[in-house]
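Reader: Hey, got a minute to walk me through this one? Let's pull it up first.

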Amino acid sequence: RQMCIRDSINAEYGVQWFYLMATYHLTGVPPPGGSEPAGLALVIIDPQVDFHPPSGSLAVPGAVEDTERIAELLDRHQDKIDRVVVSLDTHHVLHIANPGYWRDREHHWPAPFTTISAEDIKNGSFHPADESNASWALQYAEALEADGRFKICIWPEHCLIGTVGHTVQPVLLAALERWAHARLRTVEYAVSYTHLRAHETPEHLVCRLLLEKKKKKKQEYNKSAQYKSNR
């Protein structure tokens, strides 16, 4: 879940451009000078406490060692790294992929790593704890499955806003602060993009807009295909 430019600080232009553009997609802020690369950026993906053994709720084997290597790299190349962007996996407690959002037929929470399909919702195997979200949950599951790639997967609660698990792992956090003081620049933090499409309720504007945008694009595609077939 973590990405960095290991020891290739003197990487070729193309690699530098890739990381600068990655920061653009994470933050929406264009690289200095527009689309042309200017300096070297380090992008670190979700280096949070909950992904680290031994106590993280969704700990990834090897994460501690990876994070220590990233901190060492950042310290060693403070003068060469011009921009640092850190994404943060971010959830509310009633995220649609969290156990507490759902109930099974016996009104129990689903176990972590359970998958829930649109058909499961239709046949009553699982339903939202808040029944007013039933149609929304079905719509969301169907949208996920429309591309034939995903179903709702239930994860252990992790990276909940305001909890220790949401914070950056302490060894890396200290290195980020050293970099900021040494370079007189601010570390940029961004919510992970993947969770802009997976949040909790019908009132969650971003999720609603993204699903509506996807539906609109599909309708436009169907109209285009129909027009071509009628020519």
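Author: Sure, terms first: helices (H or I, at least four residues) and strands (E, at least two) are DSSP runs, numbered from the N terminus. This is a predicted model, where local features need pLDDT of at least 70, side-chain atom pairs count only at pLDDT 80 or more, and totals for chains, interfaces and linings use all residues. Residues are numbered from 1 along each chain as its sequence is written, and side-chain values use heavy atoms, with hydrogens and water left out.

Reader: Cool. How many helices and strands does the protein have?

Author: Six helices and seven strands. Along the sequence they follow α-β-α-β-β-β-α-β-α-β-α-β-α.

Reader: And what's the strand order in the open sheet?

Author: E1-E2-E7, three strands with parallel pairing. Strands E1 (41-45) and E7 (188-191) are the edges, each pairing on one side only. Two strands pair if DSSP finds at least two bridges between them; E2 (residues 83-88) and E7 have four. Val-86 stands opposite Tyr-189 in E7.

Reader: Which helix lies across E1, E2 and E7?

Author: That's H5 (residues 170-183), running at about 150° to E2. Angles run from 0 to 180 degrees between N-to-C directions, with axes fitted as lines to C-alpha atoms, for helices over the stretch in contact. Contact means heavy atoms within 4.5 Å.

Reader: Switching topic: how many aromatic pairs turn up?

Author: Three in the whole structure. Rings of Phe, Tyr and Trp (its six-membered ring) pair if their centres lie within 6.5 Å; planes under 30 degrees apart count as stacked, over 60 as edge-to-face and the rest as tilted.

Reader: Why is the pair of Phe-113 and Trp-155 edge-to-face?

Author: Because their planes sit at 80°, with the centres 5.8 Å apart. Phe-113 is in the loop between E3 (102-104) and E4 (115-116), while Trp-155 is in the loop between E6 (152-153) and H5, 42 residues apart.

Reader: What about Trp-136 and Tyr-140, how are they arranged?

Author: Stacked, 6.5 Å centre to centre with 25° between the planes. They're four residues apart in helix H4 (residues 134-145), so about one helical turn separates them.

Reader: Is Trp-136 buried or exposed?

Author: Buried, at 4% relative accessible area, and Tyr-140 is buried too, at 5%. Trp-155 is partly exposed at 35%. Buried means under 20% relative accessible area, exposed over 50%, partly exposed in between (1.4 Å probe, protein chains only).

Reader: What percentage of the protein's residues count as buried?

Author: 42% of the 231 residues.
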